[in-house]
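Open the model in your viewer and keep the selection panel handy. We will go from stop to stop, and at each one you will hear what to select and what is there.

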Amino acid sequence: MLHTKLRAVSDGQARLESLRRMLTLGGPSENDYQRVTRLAQHLFDAPITFVSVLDGQNQYMMSPLGMAPMAIPYHDTLCQHVVETKTRIECQDATLDERFRLAYPVVHAPHIRFYVGQPVRNAEGHVIGALCIADTVARNPLSPEQIGLLEDLAYLLEATIALRYLSFSHERALIFASSMVREGMRDALTEVFNRRGIIDMANHAYARCLHEHRSFALALVDLDHFKTINDQFGHLVGDVALKEAARRIQRGLRGGDIVGRWGGEEFLVVLPGSNPSVLQDVGNKLVQCIQGPFNEQGCEFELSASIGLVGMATPREVFNEMSWLEAADQALYIAKERGRSQAVVYACEPG
């Protein structure tokens, strides 16, 4: 059994969490969408163009041209199939296609017949919707040249989405986390990110490293014998020790590193730009920073931690939270088996 309790996340859940981060930390403006839909309308001589964004319940149309903006239930949309298959879908006549003939915009105004949806991905690599061209009459398939143009337009939109999202810097993240409006991202006791907050920041940092071709790493920190500390000295002293551990971890990090409380006596540290070749040194430094005497109201003991680290020289595709955390947890388990108060680096890449 893994030391850390992990929550299985489906592809659909991961996509929705990624969409939430994008909209929270920095999504495109209406003008960004409109530039693309205008170009699409001109290039394809299409009376209807729009960008769809789908959450778990609805499809939202961004800057639609040729039809009124509307929210359509997810299962009544054309674009659900693009999101689920993660591929471009083209339909010459929606009334003759079993997938689309009962869709809301086919049965109701504007009574779409011709439809093409090109997947649009966010900076984390998840398909959040589609760039769509449509007509109220059946049309011939797009030519290879037209398909290339549609892919280019989607790429430009994706680049804009990535730019908006990745411009959300670590410094802004700290301000964001401390804001009363975002209290749900901060751990009240230690004043670092909480579990949800640190996972959001890990995904954001991974996306930055992916686009900047930089290495990426995680460290899972577990305070040694913490149950004994709570049992012997009480939870109030334990709480103060947790706050002190968070401060010591922060003192051992670089400016771009991020720490959050993972749960109980565990902390998760995000290490963007840390190459696997230096992770043992990084882990050893953190162990040294945490280790030392602690005294609170006459209760004196040694504070120490075991650390599991995992890294990747060149991130690829989307951040698989489960694989990374399982790898860090396995390294942490080895550190504890070897006697605690040490760092162990996972031998392979996660996944």
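Select Arg214 to begin: at 33% relative accessibility it counts as partly exposed, a term for values between buried (under 20% relative accessible area) and exposed (over 50%), computed with a 1.4 Å probe on protein chains only. Arg214 sits in the loop that links helix 7 to strand 7 (216–223); helices here are DSSP runs of H or I with at least four residues, strands are E runs of at least two, and both are numbered from the N terminus. Show the surroundings of Arg214 and, not counting residues up to four places away in sequence, you will find it touching Cys209, Pro272, Gly273, Ala313 and Pro315, where contact means heavy atoms within 4.5 Å. For a longer ruler, join the C-alpha atoms of Arg214 and Ala343: they are 129 residues apart along the chain and separated by 23 Å.

A word on what you are looking at: this is a predicted model, in which local features need pLDDT of at least 70 and side-chain atom pairs count only at pLDDT 80 or more, while totals for chains, interfaces and linings use all residues. Residues are numbered from 1 along each chain as its sequence is written, and side-chain values use heavy atoms, with hydrogens and water left out.

Stay in this loop and pick His213, which also lies between helix 7 and strand 7. Is His213 buried or exposed? It is exposed, with a relative accessible area of 67%. Check its backbone too: phi of His213 is near 55 degrees, a positive value in a residue other than glycine. Most residues other than glycine have a negative phi, and most peptide bonds are trans.

Another positive phi waits at Gln297, again near 55 degrees and again in a residue other than glycine. Look for Gln297 in the loop between strand 10 (292–296) and strand 11 (299–303). Gln297 is exposed, at 72% relative accessible area.

Next, go to Ser274, in the loop between strand 9 (266–272) and helix 10 (279–290). Ser274 is buried, with a relative accessible area of 3%. Which residues surround it, leaving aside neighbours within four places in sequence? Ser274 is in contact with Ser215, Phe216, Ala217, Arg254 and Leu279.

Now for the helices. Two packed helices are described by the angle between their axes and the distance between the axes. Colour helix 5 (residues 144–166) and helix 7 (residues 195–212): they pack at an angle of about 125 degrees, with their axes 10 Å apart. Axes are lines fitted to C-alpha atoms, for helices over the stretch in contact, and angles run from 0 to 180 degrees between N-to-C directions. Helix 5 and helix 7 are therefore oblique to each other; angles under 35 degrees count as roughly parallel, over 145 as roughly antiparallel, 65 to 115 as roughly perpendicular and the rest as oblique. To see the contact, show Ala162, Tyr165 and Leu166 of helix 5 with Asp200, Asn203, His204, Ala207, Arg208 and His211 of helix 7. These residues divide into 4 nonpolar, 3 polar and 2 charged, with Ala, Val, Leu, Ile, Met, Phe, Trp, Tyr, Cys and Pro counted as nonpolar, Asp, Glu, Lys and Arg as charged, and the others, Gly among them, as polar.

Keep helix 5 and add helix 2 (residues 30–44): their axes come within 10 Å and cross at roughly 175 degrees. That makes helix 2 roughly antiparallel to helix 5. Helix 2 brings Asp32, Tyr33, Val36, Leu39, Ala40, Leu43 and Phe44 to the contact, and helix 5 brings Gln146, Leu149, Leu150, Leu153, Leu157, Thr160 and Arg164. By class, there are 10 nonpolar, 2 polar and 2 charged residues.

Move on to Met70, in the loop between strand 2 (58–65) and strand 3 (71–73). Met70 counts as partly exposed, at 23% relative accessibility. Beyond neighbours within four places in sequence, Met70 is in contact with Gln59, Tyr60, Met61, Tyr104 and Ala109. Follow that last residue: the peptide bond from Ala109 to Pro110 is cis, with omega near 15 degrees.

Finally, zoom out. The chain has 11 helices and 13 strands, and buried residues make up 50% of its 351 residues.
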